[in-house]
Amino acid sequence: MVRSAPDRYQEIRDAVRALCAQFPDSYHREIDAQRGYPEAFVDALTSAGWLAALIPQEYGGSGLGLAEASVVMEEINRSGGNAGACHGQMYNMGTLLRHGSDAQKQLYLPKIASGEWRLQSMGVTEPTSGTDTTKIRTTAVKRGDRYVVNGQKVWISRVQHSDWMILLARTTPLAEVTKKTEGMSIFMVDLRQAEKSGMTVRPIANMVNHETNELFFENLEIPAENLIGQEGRGFKYILDGLNAERTLIAAECIGDGWWFIDRVTKYASERVVFGRPIGQNQGVQFPIAESYIEVAAANLMRFRACELFDAHQPCGAEANMAKYLAAKASWEAANACIQFHGGFGFADEYDVERKFRETRLYQVAPISTNLILSYVAEHVLGLPRSF
Ligand SMILES: Cc1cc2nc3c(=O)[nH]c(=O)nc-3n(C[C@H](O)[C@H](O)[C@H](O)COP(=O)(O)OP(=O)(O)OC[C@H]3O[C@@H](n4cnc5c(N)ncnc54)[C@H](O)[C@@H]3O)c2cc1C
């Protein structure tokens, strides 16, 4: 394995690596070919407690910091797996933890920690509003002790492998709020119940083996007690969760980056063309070395974001920059890896094309690279607001 700087998380790395080693490349390859869900892998991670890393011990989790949690995600991707199948279980509950009532935390968190309930889905994106979240059209109207939901979502992941979803909907029309970020609320949606009474799920076939869906709501009723926090504050609550999400995704990209560099380094050392290993040519060496440098640099920013987050310091800039650098670095490493595998990079059995597809997603979701640049321009550099 290519050397990455030693850190103080070696014990966690070794434990997650040992678990992941039980699920070899062939396991992930077959699931990908079948467009299946890595149920056994996710179950093993859940039983070992890794997906409950961020849940406090009083609710049955392990109460670890973001740094440790990010190492778990990194190691999953570094092993050849894809944490995208289950990362929602690790961070979606943060919204409940920060903004839920005591009763909600007592009800949901222990069951999420044990894996009895999966909270892997978060329904924000809509077809017409896209990244402009304040323009969402899904509404939740209070009627007595219930909210009635109508509207549509798109690209909502892991709905078929979750028990619960956090849903963002407008509770006050845009025209009636003073700030466009107000008037949206978040709810816990019981997915199996919802499928029987007002929610239709339409899977979206896509480039990666990522279970994601269109959702249609027609008079879906949600009990009023499923509202998280105060009505109208939902957008802020979603934003509060983004730093952890971005940092964890950055760690997944770093895991991918190391995986690509491991594979291409080994291949370039062994593959002989023109009577010598291709890795002897500097035209082959340099893009690999460059990728290594970029992944290592992104890794530093990821740990800086973790350090600030775990110290309860503002870390918006660092979390966004870590996600930007890591997604870019893993994509460059993916390109070098597929390029120097020649034709074999396209063969399923080398797993390069699968990981190549998987890591590409992170330039677009859960936040596109342009939106990170816009965040840094506006919030870090103080440039005029563009939207
Ligand atoms: C596989 C997958 C899984 C997903 N899972 C979820 C999920 O579980 N829950 C959920 O809510 N969403 C999910 N998403 C949605 C994802 O968050 C969005 O696709 C993403 O935020 C981009 O939104 P959009 O697709 O509407 O693109 P758009 O907003 O239409 O943007 C299209 C492009 O234009 C660029 N752009 C837009 N506005 C500007 C601007 N002002 N300046 C510069 N560039 C701009 C964007 O950067 C982007 O590249 C998922 C998406 C995918 C592909």
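Helix α7 (residues 102–114) holds the buried residues Gln104, Lys105, Tyr108, Leu109, Ile112 and Ala113. Buried means under 20% relative accessible area, exposed means over 50%, and partly exposed lies in between, with a 1.4 Å probe and protein chains only. The structure is a predicted model, in which local features need pLDDT of at least 70 and side-chain atom pairs count only at pLDDT 80 or more, while totals for chains, interfaces and linings use all residues. Residues are numbered from 1 along each chain as its sequence is written, and side-chain values use heavy atoms, with hydrogens and water left out. Helices (H or I, at least four residues) and strands (E, at least two) are DSSP runs numbered from the N terminus.

**Helix α7**

The buried residues of α7 pack against three strands and two helices, namely β4 (164–170), β5 (184–190), β8 (227–228), α5 (87–91) and α6 (93–99). Here and below, contact means heavy atoms within 4.5 Å. In general, an α-helix has 3.6 residues a turn, so residues three or four places apart point the same way.

The 13 residues of α7 reach 18 Å from the first C-alpha to the last, close to the 18 Å expected at 1.5 Å a residue. The expected span is 1.5 Å times one less than the number of residues. At Tyr108, helix α7 bends by about 25°, and Pro110 follows within four residues. The bend is the angle between axes fitted to the seven residues ending at a position and the seven starting there.

**Leu168 and Thr133**

Strand β4, one of the elements against which α7 packs, contains Leu168. Leu168 counts as buried because its relative accessibility is 1%. Leaving aside neighbours within four places in sequence, the contacts of Leu168 include Gly123, Val124, Thr133, Lys153, Met184 and Phe235. The C-alpha atoms of Leu168 and Thr138 are 8.0 Å apart, although 30 residues separate them along the chain.

Thr133 belongs to the loop between β1 (121–123) and β2 (139–143). Its relative accessible area is 16%, and therefore Thr133 is buried. With neighbours within four places in sequence left aside, Thr133 is in contact with Val124, Leu168, Met184 and Phe235. Thr133 and Phe235 are 102 residues apart in sequence, yet their C-alpha atoms are 8.4 Å apart in space.

**Helix α4 and its partners**

Two packed helices are described by the angle between their axes and the distance between the axes. Axes are lines fitted to C-alpha atoms, for helices over the stretch in contact, and angles run from 0 to 180 degrees between N-to-C directions.

Helix α4 (residues 66–78) and helix α10 (residues 282–310) have axes that come within 8 Å and cross at roughly 145°. On the α4 side, Leu66, Ala67, Ser70, Val71 and Glu74 make this contact, and on the α10 side Arg302, Phe303, Cys306, Phe309 and Asp310 do so. The contact comprises 6 nonpolar, 1 polar and 3 charged residues. In these classes, Ala, Val, Leu, Ile, Met, Phe, Trp, Tyr, Cys and Pro count as nonpolar, Asp, Glu, Lys and Arg as charged, and the others, Gly among them, as polar.

Helix α1 (residues 10–21) also meets α4, with axes that come within 9 Å and cross at roughly 35°. From α1, the residues in contact are Ile12, Arg13, Val16, Arg17 and Cys20, and those from α4 include Val71, Glu74 and Ile76. This contact has 6 nonpolar, no polar and 6 charged residues.

**Helices α12 and α13**

Helix α12 (residues 352–360) is mostly covered, with 8 of its 9 residues buried. Among them are Val352, Phe356 and Thr359, together with charged residues such as Glu353 and Arg354. The buried residues of α12 pack against α2 (25–34), α4, α9 (234–270) and α11 (316–340).

Pro366 lies in the loop between α12 and α13 (369–380). The peptide bond from Ala365 to Pro366 is cis, with omega near -5°. In α13, the buried residues are Thr369, Ile372, Ser374, Val376 and Glu378, and α11 is included in what covers them.

**Residues with positive phi**

| Residue and place | Phi |
|---|---|
| Gly115, just after α7 | about 90° |
| Gly382, just after α13 | about 70° |
| Asn219, in strand β7 (residues 212–223) | near 50° |
| Phe274, in the loop between β9 (272–273) and β10 (276–277) | about 55° |

Asn219 is partly exposed, with a relative accessible area of 45%, whereas Phe274 is exposed at 82%.
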